[in-house]
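Me: I have a chain open on screen and would like to learn how to read it. Can we go through the features one by one?

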Amino acid sequence: HKSIDELVRAEEGLVSRSIFVDDEIFQQELQQVFSRAWLFVGHESLVPKPDDYFVSRMGTESVILTRDRQGQIQVMLNSCAHRGMKLCRYDHGNNRTFTCPYHGWSFSTDGKLVEKPGELVGVPGHATHYKGELDKKQWGLKTVAQVVNYKGAIWATWDADAPPFLDYLGNMRLYLDAALDNRDGSSGGSEVIGGVQKWRVKCNWKFAPENFIGDLYHDISHRSVDIVGIGPGGGKGRRDPSATRSAICFPELGHGLLGRLPFYEEGPYAPQYARYPEVEAYFRQVHEQRERTLGSAMRVQTSVGTIFPNMSFHGRQPRTLAVFHPISATEMEMWRMYLVDKDAPEAVKEAARHYFLRYSGPGGMTESDDMENWTGATEASMGAVSRELYFNYQMGVGHAQPVPEIPGCAVNGEYTEENARIYYRRWAQFMNGLSWDQLMAGSVRVEERAA
Ligand code: FES
């Protein structure tokens, strides 16, 4: 077997195809990446009330995201401590205690009843069959080591030694904010509409975050979509062709995006919902409000980006959050959530819903194009001969420039494979088992939005 450094030669723009198809590498990913990194597990609006739960995933593990009776968000392994049965078999619901269907053990998150979330509170036959000898305190559900609610998005890690989420995110935060707090930079104020779309794709999970981290080059795949015209307003084209974007990345952290650099002069509101006057009026008003509250700080704009390892987002209206769960080396489960302002008029939510349905998700026109590419590339790399080859990520090697206004940030033109190179370099660092001190040596962040 080749070493990780032989498989990922990021500086040269070479990544072995085997990391997209090999079962052993996949197992190593679950250990080194998914049991250590901060992972996106959901949005607070999926569990608005006490005792609400939403079944999510972290890597290949099923987890329960729940809001306890004290209002705190908890994330626990969805597997009974007794003999492993899946506790929650629904996608979401409202439950005070989680009772196992196998032998009936029950677990609670109610801080009035238990010291630790997920503690074992009910054991059928505890006094008789167990003679009162089973120590319930020892047999609670496995909980994550750290969980954070960042502007409505919930993140968790199994690793107690992982750095605080905001360090892990670094200055990528400036761009994630554009997706999470559309309004005034202070709070989320958003909700997921229309439930969570979930579907399986026969491809390696890394194809999707790699695509969303800054592959503008693949736009040719969506040529038919451009011709049909499925823009937000229902008009021609997917996007404003005059809007220039850059591939922006955070090389030490593995995050990146396609967006606008800070400090550009944002012009007046650009109408894009001409067919829907109420929607147009709403987005204009939001734009003006943002301008008043944020001033020059709003001059950070995202179209699409990836947080290492498996979360991506669209930051412009309409906004989406996506996560790519590994199932096997050659299969992933893709989830998409659609974000709107909680108090937006119904007409705005309706227009957003229609746009999302035609644009992305399993039936959306662009996502269908992408899925075909990722599936085809995975399938054509599974053979004994093909898996020995390398993919080419050489576009723009050696042309990255630092962005002085944002510590830790680099830019490399509009069309480049810089962002994919820094993503796979980060992947290799995790796979090589670097310590958190080594992994975070280059992390820097501005405390406030750049002004
Ligand atoms: Fe859950 Fe036995 S497996 S109670």
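Reply: Gladly. This is a predicted model. Start with contacts along the chain: of those with a separation of 6 or more, 65% are between residues 24 or more positions apart.

Me: What secondary structure is there in the chain?

Reply: The chain holds eleven helices and 22 strands.

Me: How does the radius of gyration of the chain stand against that of a compact globule?

Reply: The idea is to set the value against one expected from chain length. For 451 residues a compact globule would come out near 22 Å; the chain has 23 Å, which agrees. Add the extents: the C-alpha trace spans about 75 × 55 × 40 Å along its principal axes. As for burial, 44% of the 451 residues count as buried.

Me: Which domains is the chain divided into?

Reply: Domain 1 covers 39-146 and domain 2 covers 188-439. Their centres, taken over C-alpha atoms, are 33 Å apart. Seven residues from domain 1 and nine residues from domain 2 make the contact. On the domain 1 side, the touching residues are two nonpolar, four polar and one charged.

Me: Now a sheet. In what order do the four strands of the open sheet lie?

Reply: Read a sheet by strand order, then direction, then edges. Here the order is 6-5-4-7, and the pairing is antiparallel. Strand 6 (73-77) and strand 7 (92-94) each have a single partner strand, so they stand at the edges and one side of each lacks a neighbour in the sheet. On average, neighbouring strands of this sheet are turned by 30° against each other, direction ignored.

Me: How many bridges join strand 5 to strand 6?

Reply: Five bridges link strand 5 (residues 61-67) with strand 6, and the two run antiparallel. One pair to locate: isoleucine 64 has methionine 76 in strand 6 as its bridge partner.

Me: Let me take one residue in strand 6, valine 75. Is valine 75 buried or exposed?

Reply: Count C-beta neighbours; 20 or more within 10 Å means buried. Valine 75 has 26 inside 10 Å, so valine 75 counts as buried.

Me: Which residues is valine 75 in contact with, leaving aside neighbours within four places in sequence?

Reply: Val41, Val63, Leu65, Thr143, Val144, Val147 and Ala156 are in contact with valine 75.

Me: And what separates the C-alpha atoms of valine 75 and leucine 321?

Reply: Read sequence separation and spatial distance side by side. The two residues are 246 residues apart along the chain, and their C-alpha atoms are separated by 19 Å.

How values were computed: Residues numbered from 1 in each chain as written. Predicted model: local features only at pLDDT ≥ 70, side-chain atom pairs only at ≥ 80, totals over all residues. Pairing = 2+ DSSP bridges. Axes fitted to C-alpha atoms, helices over the stretch in contact; angles between N-to-C directions. Domains from an automatic or database assignment. Contact = placed C-beta atoms within 7 Å. Nonpolar A, V, L, I, M, F, W, Y, C, P; charged D, E, K, R; others polar. Rg over C-alpha atoms; globule rule 2.2 N^0.38 Å. Buried ≥ 20, exposed ≤ 12 C-beta atoms within 10 Å, placed from the backbone.
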